[in-house]
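Work through the two exercises below with the sequence and the coordinates at hand, and attempt each task before reading its solution.

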Amino acid sequence: MASKKQGVPFHGTSEQEAALRQCIAELKDSKGCLMPILQKAQEIYGYLPIEVQTMISDLTGIPLEKIYGVTTFYSQFALQPKGRYQISVCLGTACYVKGSGEIFKKLEEILGITNGECTPDGKFSLDSCRCVGACGLAPVMMINDEVYGRLVPDDIPGILAKYN
């Protein structure tokens, strides 16, 4: 069964913080600065944990609730880190009717995470998507840029073993 948001501890470096501080100093006085700051912060850290959002709030004076609202509204922003191996399961119509929901459940069971989460070791992250453009291979999942098609739940352990 999938875990309850166990999360990966935040480990920002002083170099990352310096880069973010510089970005904020350059942009904070310009109109509409929040989106470019958030985009740069995600580029620096790979995701936008609450620690980074708080730093942005403290340095810009923008309320944390507004920052959180923007980061949760736009799909380009990730609040959880991504794993070395990013698994994306297509839950679009063609894949779903051919069993991608069961593929997703099998991944949740094996990895102990659910949609949008990362394993505590940082190895795998799991996300759903709507279409990868390989409907003829349904059901489909991708690990980084590698496409796996015509899957059944029993295929999943062997595929994940390739990434050990």
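**Exercise 1: the two sides of a helix**

On the other side of α1 from its buried residues, S14, E15, A25 and E26 are exposed, where exposed means over 50% relative accessible area and buried under 20%, with a 1.4 Å probe and protein chains only. The model is a predicted one, in which local features need pLDDT of at least 70, side-chain atom pairs count only at pLDDT 80 or more, and totals for chains, interfaces and linings use all residues. Residues are numbered from 1 along each chain as its sequence is written, and side-chain values use heavy atoms, with hydrogens and water left out.

Task: state which residues of α1 are buried, and what they pack against.

Solution. Begin with the extent of the helix: α1 covers residues 14-27, helices here being DSSP runs of H or I with at least four residues and strands runs of E with at least two. Next, pick out the buried residues of α1, which are Q16, L20, C23 and I24. They lie on the same side of α1 because they cover an arc of only 95 degrees around the axis, the arc being that of the directions from the helix axis to the C-beta atoms. Finally, look for their partners: the buried residues of α1 pack against α2 (34-45) and α3 (50-60), with contact meaning heavy atoms within 4.5 Å.

**Exercise 2: the whole chain**

Task: find how many helices and strands the protein has, and what share of its residues is buried.

Solution. Counting the elements gives seven helices and five strands, in the order α-α-α-α-β-α-α-β-β-β-β-α along the sequence. Of the 164 residues in the protein, 41% are buried.

How values were computed:
Expected span 1.5 Å × (residues − 1).
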